[in-house]
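Dear colleague,

Please find below the structure that I am handing over to you. My notes on it follow directly after.

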Amino acid sequence: VILGRAVRTIRRFGYAGFSLGISLSIATAAAPAAPHMTALSMKLLSQAEATAVDEELMATPGFSIDQLMELAGLSVAASVLAAYPPITHKRVLCVCGPGNNGGDGLVAARHLWHFGYSPSVVYPKRPSRPLFINLVSQMDMLQIPMLTTLPDDFDSQHDCLIDAVFGFSFNGAVRAPFDDILGRMRASKLPMLSVDIPSGWHVEDGPVGDEPLEPETLISLTAPKLGSRYFRGAHYLGGRFVPPAIAQKYGVTQPAYSGADQVLLLHPPMACES
């Protein structure tokens, strides 16, 4: 009975919810205890600060957008591996938006394929820039299914969702087709991981509207954003690529990652407030 409950808990919430704070390494072996740092004790970036950090990283000479997207997508894939291992969540559906957040999702889907998952991608609006054309071509090379909309029965066909629709630069109302897509994702029973900020949330003020997206897991990239202070699920950080000088300039504390891990668990799911 206990084992059955454990399996059901892992399948719904991933190992992050089951272990309540044990951060799995990228090899899914037990990792050393995470450092004493939480998202609430770290500097939380405003939208302007997050934009400025990205601009400094991409200054010439510096990182290219391709490099940063590759590192970010690898962090997303590593957080999926930690929270939802392929033994219980093999069929991953990655829902990608038209911007860089969606590009992070495409990179993550490719890495997840190499990690032993069976990913599929929903990509309704495809930019014509060479970067995104190459990312789509990489999906084709691995025969990763590319869809233009959510299947009617996507809950029964998949084990977890990746929300890579909108990132920290998003402003304004959600327009078609993503209004319908986010509504259906919100109604899904599948465990969900959001990339950088849950899609539709205000990057600084948090949930918007009466029925915001409520993922079980969040992966913050570079540093947590202000809106993440309202997030109460399992919260991972991926940003091992930020140079110390840029981190110090913006007051971002770089935690000690373990070994070759690309992510660390800032906090497990928090208890709901009464």
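What volume does the largest pocket have? In this predicted model, the volume of the largest pocket is about 660 Å³. Its lining is made up of 33 residues, and those nearest the centre are G99, N100, N101, G167 and S169. Three elements each give two or more residues to that lining, namely α2 (47-57), α3 (65-83) and α5 (100-114). The largest share comes from α2, with five residues. Sorted by class, the lining of the largest pocket holds 19 nonpolar residues, seven polar ones and seven charged ones.

Of the helices that contribute to the pocket, α3 deserves a separate remark. Helix α3 has 19 residues and spans 27 Å from its first C-alpha to its last, close to the 27 Å expected at 1.5 Å a residue. Because 14 of its 19 residues are buried, α3 is largely enclosed by the rest of the structure.

I turn next to the sheet. The model contains an open sheet of eight strands with mixed pairing, in the order β3-β2-β1-β4-β5-β6-β7-β8. Its edge strands, β3 (146-147) and β8 (264-267), each pair on one side only. Strand β1 (residues 91-96) runs parallel to β4 (residues 160-164), and five bridges join the two. Within this pairing, V92 stands opposite C160 of β4. β1 also pairs with β2 (residues 118-122), again through five bridges and in the parallel sense. There, C94 has V121 of β2 as its bridge partner. Five of the six residues of β1 are buried, so this strand is largely enclosed by the rest of the structure.

The next topic is charged contacts. Side chains of opposite charge can pair when their charged atoms come close. How many salt bridges does the model contain? The count comes to five, and three of them are described here, each taken from its own entry.

- K43 and E49 meet through their side chains, with N and O 3.2 Å apart. K43 is partly exposed at a relative accessible area of 29%, and E49 is likewise partly exposed, at 23%.
- K249 and E56 form a salt bridge whose closest N and O atoms are 2.4 Å apart. K249 belongs to helix α9 (residues 244-249) and E56 to helix α2, so the pair ties together parts that are 193 residues apart in sequence. K249 counts as exposed, with 55% relative accessibility, whereas E56 counts as partly exposed, with 26%.
- D196 and K225 meet in a salt bridge at 2.7 Å, N to O. D196 lies in the loop between β5 (192-195) and β6 (217-221), while K225 lies in the loop between β6 and β7 (234-238), so this pair ties together parts that are 29 residues apart in sequence. Both partners fall under the 20% limit for a buried residue: D196 is at 4% relative accessibility and K225 at 1%.

Finally, some points of backbone geometry may merit your attention. Most residues other than glycine have a negative phi, and most peptide bonds are trans. Where does the model depart from this pattern with cis peptide bonds? One cis bond joins T60 and P61, with omega at about -5 degrees; P61 sits in the loop between α2 and α3. Another cis bond runs from A176 to P177, with omega near 0 degrees, and P177 is placed in the loop between β4 and α8 (178-187).

Positive phi values are also present. D196, already named for its salt bridge with K225, has a phi near 75 degrees although it is a residue other than glycine. T222, which is not a glycine either, has a positive phi of about 75 degrees. T222 is found in the loop between β6 and β7 and, at 8% relative accessibility, counts as buried.

With kind regards

Notes:
Residues are numbered from 1 along each chain as its sequence is written. This is a predicted model: local features need pLDDT of at least 70, side-chain atom pairs count only at pLDDT 80 or more; totals for chains, interfaces and linings use all residues. Side-chain values use heavy atoms; hydrogens and water are left out. On a 1 Å grid over the protein atoms alone, a cavity is a set of points where a 1.4 Å probe fits but cannot get out, and a pocket is an open set with protein on both sides within 12 Å along at least five of seven lines; lining residues have an atom within 4 Å of a point. Grid points are joined across faces, edges and corners, and a volume is the space filled by probe spheres set on the points. Helices (H or I, at least four residues) and strands (E, at least two) are DSSP runs, numbered from the N terminus. Ala, Val, Leu, Ile, Met, Phe, Trp, Tyr, Cys and Pro count as nonpolar, Asp, Glu, Lys and Arg as charged, and the others, Gly among them, as polar. The expected span of a helix is 1.5 Å times one less than its number of residues. Buried means under 20% relative accessible area, exposed over 50%, partly exposed in between (1.4 Å probe, protein chains only). Two strands pair if DSSP finds at least two bridges between them. A salt bridge is a side-chain nitrogen of Lys or Arg within 4 Å of a carboxyl oxygen of Asp or Glu.
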